[in-house]
Amino acid sequence: MDRILAAGSRDEYGQVLQEKQDIIFKISRQLNQAGFTPIKTSLIERQSTFDRYPGTDMFHLYDQAGENLVLRPDMTLPVARFIETHYRSQAPNRLYYIDDVFRKTDYLSGDYNQETQARIELIGDASLGAEQKAIEIMLNLAANFNLGQLEIVLGDASLIDTILASFPALSNQQRQALKKSIEQKNLSRFQELTKHLPDLPAVLTDWPLAFGQRGEEILPKLGQIPAVKPIIIKWQKIADFIHQHFPNIKVTVDLAGQAPQPYYTGTMIQGFLPDLGETLFSGGRYDCLLKNFQGDFCPALGMELNIQRLMAAQKQPAKGQHPIVVVLAKGRVEEDVRPLLQAAGIDTSPLEHPGRRLIFESADHQFRFILVKPTDVLKYLDRGIGDIGVVGSDTTDEQEQNHYDVLDLKRGQAEFVVAAPAGFNLNNSQRHRIATKYPKRAGSYFNSRGQDVELIKLEGSVELGPLTGLADAIMDISQTGNTLKANQLEVYDTVCQVSTHLLVRRGALWQHQQQLTKVIEALINELKGV
Ligand code: PRP
């Protein structure tokens, strides 16, 4: 093993590295000419540099004195640290860097832990000129490479809060829950939360899908909320600038967008490649970050371009009109959900006699189906192979959530239960052994109850655990209850409900907005019984 690379790592070599170096050279030359000052911060930072903005899974190290260090997962915070320590009174106003950041990706997922970013920071400029300059720089950089059509998506980190603030009756908790459902495009959850919200304007009934064309349609009506007006006026000015200087670039809006980092405060900008369903560059305003470091307010805007994505976009032929790829969990999920998909206008007839085949295409070539084990659905989705995923919430809860969980399909309904032989008592003093296929869910359940248990991960037939003495109890799903009954196990506690969900890859929701919105609407109607 001493000659093998760590998971999620790679060596760069030869032609591929030369191509990357050429790109980096072109970008640096252009940014130097545009008056940006280069900066290279340390690869290793104190962990405390990132403490105020938790949420990123970082690689940890210790120095000689036992200080907690990390490999930088982000470069904006190190630059903020640099400005604070070196330029308290007069910060340099235009910086750039091209370097690597390190974030732990889902283990053994095929994703890399290291990413090369080219990033610009415009510091001290509160005017729209900063937004315009950053977009101009990024579009000019992109023009060096043969990338196909680019689209600019405008959002604002304060928009959702601003709209929700116009409903004074909402509690803080309701507000947070609504915001989360909108940002995650979780339509089922959003509709559940807004069922008893009488003053929600009709125009916002499918707010999580209010982006792109749908977002543009409802934008004029949102202007009636006074606090939203300044944001719309700002977007309009940015769009006018783009139309004037880059007439071929389409500009659209996202009224349901999530800030890429928690320190974003205002305008958010994305350069999207519709043919590839990928974001090439993104960034926005973070006016409070430097204030936190310096104690003085200092407006700032940053934008980063992903070099690996640029390289991939150069090579990848435009997908054009390709079928929507549906990744289905085979077995119970697929059988339960097939009639619903069919009723919603997705031709699932090729799946009726699958034999040993694993890929199927609908007769109208609009959909391609991939049948995989439930635990593999997210891998195909999050690595960009699939557009839609259909899988149980028991499976998705155990894995990284990099996709949109759009709809609860109300199929495959089951319960997560703790089950054990009669007489089992979790509250006596011994440390219990719990067998489960779901260690994450089980861990959080027992932790939240202050129960210290020993979890035993099994891949299936979990009921055998207590029967053979391997475990004292199990946490598993129960649908009909037959398996528990047949193995003389009783439900000790019901933890939560489980059902099949419709997931959508983030880029796919933009790339196939019209078709996917149609599918989602048809499914909602079917679920309502329309
Ligand atoms: C699931 C679950 C239970 C069983 C419950 O197992 O883990 O064992 O179904 O269903 P029931 O309440 O309708 O009897 P699955 O069939 O997926 O097989 P596995 O145990 O091999 O994972």
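Two strands count as paired here if DSSP finds at least two bridges between them. On that basis, this predicted model contains an open sheet of 8 strands, and the pairing in it is mixed. Reading across the sheet, the strands run in the order E1-E5-E6-E11-E10-E9-E7-E8. The two ends of that row are strand E1 (37-38) and strand E8 (250-253), and each of these edge strands has a single partner, so one side of each goes without a neighbour in the sheet.

Further in, there is a pairing worth a look in detail. Strand E5, covering residues 94-102, lines up with strand E6, residues 114-123, in the antiparallel sense, and 9 bridges join the two. As one example of the register, tyrosine 96 has isoleucine 120 in E6 as its bridge partner.

Now to the ligand. The space it takes up is the second largest pocket of the model. Around the ligand sit 13 residues, and those that come nearest are Lys437, Glu463, Asp476, Thr480 and Thr483. Sorted by class, this shell comes out as 8 polar, 4 charged and 1 nonpolar. As for where the shell comes from, strand E20 (473-478) and helix H16 (482-486) each put in at least two residues. Of the elements involved, E20 gives the most, with 3 residues.

The backbone also takes part in the surroundings of the ligand. Polar backbone atoms of three residues can be listed with their distances to a ligand oxygen: for glutamine 479 the distance is 2.7 Å, for glycine 481 it is 2.8 Å, and for serine 461 it is 2.9 Å. How much of the ligand does the protein cover? On its own, the ligand has 490 Å² of accessible area, and the protein covers 73% of that.

Conventions:
Residues are numbered from 1 along each chain as its sequence is written. This is a predicted model: local features need pLDDT of at least 70, side-chain atom pairs count only at pLDDT 80 or more; totals for chains, interfaces and linings use all residues. Side-chain values use heavy atoms; hydrogens and water are left out. A residue is near a molecule or strand if one of its heavy atoms lies within 4 Å of it. A polar contact is a pair of N or O atoms within 3.5 Å; within protein, one must be able to donate a hydrogen and the other to accept it, and residues adjacent in sequence count only if both atoms are side-chain atoms. Accessible areas come from the Shrake-Rupley method with a 1.4 Å probe; for residues, only the protein chains shown count as cover. On a 1 Å grid over the protein atoms alone, a cavity is a set of points where a 1.4 Å probe fits but cannot get out, and a pocket is an open set with protein on both sides within 12 Å along at least five of seven lines; lining residues have an atom within 4 Å of a point. A molecule sits in a cavity or pocket if more than half of its atoms lie within 2 Å of its grid points. Helices (H or I, at least four residues) and strands (E, at least two) are DSSP runs, numbered from the N terminus. Ala, Val, Leu, Ile, Met, Phe, Trp, Tyr, Cys and Pro count as nonpolar, Asp, Glu, Lys and Arg as charged, and the others, Gly among them, as polar.
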